[in-house]
Amino acid sequence: MAIPKIVPDFRVIRDENLCINCQACCRVCSNDTHSFDQNIAKIISDHRKCVGCHFCEEICSTGALTIEKCYSQIRENFNWNEVDFKNLMKQAHSGGILLTGMGNDRPWINYFDHIVLNASQVTNPSIDPLREPMEIKTFIGRKPDSIEQLKKEKKLPILLETEIPVLFSAMSYGSISLNACKSIAAAAWEAKTYWNTGEGGLPESLKKFVSRTIVQVASGRFGVDARYLNEASAIEIKIGQGAKPGIGGHLPGEKVTADISAARKIPEGTDAISPAPHHDIYSIEDLKQLIYALKETVDYKKPVGVKVAAVHNIAPIVSGIVRAGADFVTIDGFRGGTGAAPVVIRNNVGIPIEIAIATVDSRLRQEGIRNHASIIAAGGIRSSADVVKAIALGADAVYIGTATLVALGCHICQKCYTGKCNWGIATQDPYLTRRLNPEIGKRRLTNLLRAWALEIKEMMGGMGINAIESLRGNRDQLRGIGLNDKELALLGIKHAGDAW
Amino acid sequence: MVKNSKRKTINTIIAREEFCIGCRLCEIACITAHSKTKNIIKAFKGEYPLPDSAIVFEEKGHISFALQCRHCDDALCVECCITGAMTKKDGKVIYRKELCVGCWMCVMVCSFGVISPDITASKIKSKCDFCLETGKPACVEICPNEALVLKEDNEQD
Amino acid sequence: MNRTDYLIIGNSVCGVNAIEGIREYDPKGEILVLSDEPFENYSRPLISYYLGGKISQQQTRFRDESFYSDMKAQLLVNNPAVFLDCRNHEIKVSKGRKIRYKKLLIATGAKPWIPAIDGFANHLEGIFTFYSMNDAISLAQYIQSLNPHNCVILGAGLIGLKAAEGLLMRKIPVTIVEMADRILPNTMDVKGSEIFQSYLVRHNSAFMKNDTIVKIESKDKRIKRVILKSGKKIETECLIVAVGVRPNTSIVAESSILVKRGIIVDNKLNTSVPDIFAAGDVTESPDFFENKHALIPIWPVAAKTGKIAGANMTGQEISYTGLYPMNSIQIFGLPAISFGITNPQPQNFEILEKYQPENNFYRKCVLRDDRIVGCILIGNINRAGIYNLLIREKISVAAFKKDLLEESFGFLMLPKEVRKHIVVGESMEV
Amino acid sequence: MNFKNICQFSDDRKVRIPSGCGIAGIFNKHGELLSGEIIVRAIDSMKDRGNGLGSGYAGYGIYQDCRNYWCFHLLYNQATARDQVEQYLKTYFNVKLSEQIPTRKVKSIKNPPVLWRYFLETKEQMPSEKEENLIVSVCMGINHNANDAFVISSGKNMGIFKGVGEPSEIADFYKLEDYKGYLWTGHNRFPTNTVGWWGGAHPFGLLDWSVVHNGEISSYGVNRRYLENFGYYCSLFTDTEVITYLFDLLARRQNLSLDTIGKIIAAPFWIQLENYSDEEKHLLKWLRIIYGPALVNGPFSIIVARSNFMLGINDRVKLRPLVAAEKGSTFFLASEESAICCMEKNPDRTWTPKAGTMTVCFYEKEHYGNSKDCT
């Protein structure tokens, strides 16, 4: 079949005045975009192979390279934008489902960007986090109704304690490299927060971080056994994922290396298929059974949570999950990332996390069960401001996935599913995985968390709040901009300009 | 008795193969650092001949690493140099090209095989001087993945 | 009477390294160095470069001019030690002067050995050894003034060949007479000798193997002709005797210090008499492979033992782990390096070799129990030191035997664990 | 009723108005009765802490004759609302006495609302807890549902007198000098808007709780939503209301000690936990975990009074002033030491409570119920 007639996505611009033919670009590109031609003593770049990961651009020591968007020549058409056009062309060529990586990239409204924070002026002093304590320690799990009730309980409820309400989202070893997992786990350890194994099992080399590890039990049950569950800090049952609600996962057999097979406890080289649903959970009562089966397994010593994608009925769903005994509920909004998902699902299924947090928080409060479970918001947290807004809307903590990977070098080229990640993240290729030095990765992630913690504290201080508890669900500190009444009502916030 | 040492802390450049991505920018940086202009573009576009890189780069499959002089504590190359071209100065093994006659004793004893002979010139091709001028080895500075790092060997006195 | 803390007899590489060894641990103690030569500092191996006109006499130094003052060491040139009085810690030098020492290092090196040859007499002009700077200077002067049409060299070892190279650079054809059946018999194996011989022949050297000089004929107190065992006669006005060296043990001859072929030292470089150390070519030191006493008159041994002896004179207890022969030789641009046992009886050894005549590439590894014990590299000597490391560290090469002879041999061929141990020094886990 | 009043009414009730304030309290723990005039002196001395848009007083022991009846102070914006409310009250209570609160005309106070007080007893005999819950729900019912009526206080043998005006004017208006109590708190308000509603003045009361407060609670949104879980509906959007409900929830309903409540409302910083024993640490940690949403954040100094105690508490970093003093059996709290001096020239002891600490003075048991007039 002929080469698909698709214009390249990117153009590699090489400034010949700067290029010294060192060939570093040729050596590093996993897509073979650059090659040195002995005859003309020049490096030639094939635009069509470029995925826009910018690795060569970043490594070029003379700054000779620029990766630019390649502007398509198709006539401008409101209905037929370049993305839809190219996707259609690709499908006409391949006849298959189009895959992609990372989160929803369509221009849906981002409510975080329509929410502003308050600050103290005159009537209330702002607090300077450099001079006064500013507390963001967070506990995740079921909290008793009163101290009286606590005294009646046979066992103290087990809570996760994190020094920053930001946790690393579930990303499996397999979908990302061991070095990426190592960076994340070590950073979680260092920053005293938690990381999540995803459905990748717990590799032996990461067991030293086990007391900062949330292990996942997903539909494929990969890596799960009693030891795995008992070693972890907490267990998360994964029902769904924001990038692909209702869709399972598939790690091709060629990626199931010896190490991955050991971590996932499956034979080397076999496909690791996670079914779309858990085939033992077809209803809420089934979920309850699994929650309690897991709690029994760990003798009620670990919090058990449930992760769901934010979908239309999210508030009743979460209410049901809480009543089914979950100690925390992770809600993954539709901007959440993935290693591989059908484009059509990723771009069109689910609801924004901001709305989901607000409706769930309100619902649980109405039912008087807000303290029965913590809410961890995921899917689209990009900055400390998003963290503060998510928490003020009602989340206990947030998970960061894409933000984590970006800190590790990811340039969001969305080619995770190809396994050719030049940044050494979403790949198992030994040529590429070595590009992520976990020492650097750990440092960058701890830097990120440190910076966010400082910023969160600054924002809280500005609001005159010195404990994160006083921010959590404090929607009075939020105002919407450019949102209609319905949106404001769902978010439970006033419009900018409205006083208290 | 206390060792009479002029050295305080010796930094050694260590190669960590598990992080070497094979970009070979260390060689480019080494050449630049020892060029006349010390400017990568001016050097590569305008200087001829360029100095040799003092790095020995090993590469096979996905494994690669860059080696350069370790400035050994009891440097055999210094001990065995018959002309005094190899000397120890402030903890660094310094090569004085003008004294070298090309006897290759240093090549013979260097455990890391990082002294490369230039047979026709009867001199050593290039010898890591730990970028004495700047104090920061250019290869370590440029390495994008910290595959080359400085390891501090603290003197025990 | 003079007194000193440290007395060193001998001012070549061994003595110089001993000074440095002492100063590493004792910045103050007095050091006195006795030299029987008139030169402050020169490197013996450089005399062939001097002879060849590549470098000046000044350039034969191997330490800077400020060396002795920097080291606060007093050097007495032209001052041979004549008598050692162990009991009183005294050395007699010329004119009856005595020097009392606390610690003594004998680093008197070796002296060229001259076999008994009919017709040989000390006063004959045109007969030289090639060991010291004086030898080189007088040979150079002789050639300068007489411009001999050729030169005979007795002995095709390293010294003989380096002398030959020096002469050939002065455009003097040489004939090399060697008793053995090949040149470089102690350094090279048969193949290596062949490569060098054919290479040298191309550069105007003639070889007489399996032969030796039995008679020297002279005229007007100057050598005129040599007669070989084979009956051949060579007309020549210049003969260099380079059949080897012997430890220069004369100073201890009348003492109680234990001497066999050389002075016997232990692994701390002590002689059999307290406070007296010996190092370098004069000693028989423990060897690397067998830990038996052996004579290894090479620069690296002299340097290493000198340094250790110096340190131990200050009270350190550093052990000398022994070395093995190793030589680097480059003649007319053909480099070669050899280590250890290069020409063994094959039954106990595994031998790997590779020869590419087109580029004079020859590499040979001698293995015993999967460890390298000897090695020859000719033509391409890049990264030769790694073989030295493998020998010294006794690293098993079982896993990468097939790669040992590769031109591009490097650490990458080593198993990861070994490689990491060497390259990184230690593993650095996150 | 004029149009302006309607505007004020609706504005103040529906939005939170931050304000600066002066607060003071005096409490004789032997129950000796003091004229209300003394607290007026203290509050009036801090005139510049207010702007004439709200002052008020709470007095305890003022209705000795009716001490066993619930006393409701009600504010009616429209006289018509009274019938409705009284009808409602009668469904639960026997009205022992119903009368207009005595006031005098004060020039500067224009268009005061209708002010009425009722002495009530429940129709049925019931345990006190149930009775209190009934009072709370009746108050909530009126305050939440009736637009033109508002319960100012609802305790026994206590009452709250407040309105829009300068401290001395309000005292004058209510003839405060005619009342004698063993505990008085007072408040002077500086709201940052121009409108003022009589119900929005402080003290805020529920049952025999009265709270005066200086500060702006930045955790308001959290505290309010937390209280909603327990059926407290905040109708006033005032910080004081939230604080009152928090005390009611924690002290009366959950029966926590005042000390524990102090550790909830002004929880020690995590780093301060180092100073506590392991057992205390454990308790403090769990208090924080369970009652995190009840932590009151932002600057505040609060005086909380009940029939048998008066306490002062500050925020964790002491962003608002609070001074305490005692003289014999009398305990004083005020924003400023000068206000204390207006009540007692030579206190035995004057001190500044530390950030986040609670200063409490209890009615001495042996004197309880023996209030006597000693003026």
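This report describes how the chains of a predicted model touch one another and how confident the predictor is in parts of it.

For the complex as a whole, the predictor gives an ipTM of 0.85 and a pTM of 0.89. Among the 4 pairs of chains that touch, the pair formed by chains B and C has the most contacts. To this contact chain B brings 32 residues, while chain C brings 44 residues. On the side of chain C that touches chain B, at least two residues each come from helix 1 (13–25), helix 7 (299–313) and helix 8 (384–392), and also from strand 21 (326–331) and strand 22 (334–340). When the residues of that side of chain C are sorted by character, 22 are nonpolar, 12 are polar and 10 are charged.

Chain D has no contact with either of these two chains: its nearest C-alpha approach to chain B is 36 Å, and the closest C-alpha atoms of chain C and chain D lie 30 Å apart.

Turning to confidence within chain D, the mean pLDDT of this chain is 87, and 91% of its residues reach 70 or more. Two stretches of chain D nevertheless have pLDDT under 50, namely residues 1–11 and residues 371–375, and the table sets out the contacts that the model has for each of them beyond four places in sequence.

| Stretch of chain D | pLDDT | Contacts beyond four places in sequence |
|---|---|---|
| Residues 1–11 | under 50 | 13 contacts |
| Residues 371–375 | under 50 | 16 contacts |

Methods. Residues numbered from 1 in each chain as written. Chains lettered and ligands numbered in written order. Predicted model: local features only at pLDDT ≥ 70, side-chain atom pairs only at ≥ 80, totals over all residues. Contact = placed C-beta atoms within 7 Å. Helix = DSSP H or I, 4+ residues; strand = E, 2+ residues; numbered from the N terminus. Nonpolar A, V, L, I, M, F, W, Y, C, P; charged D, E, K, R; others polar. pLDDT = per-residue confidence, 0-100.
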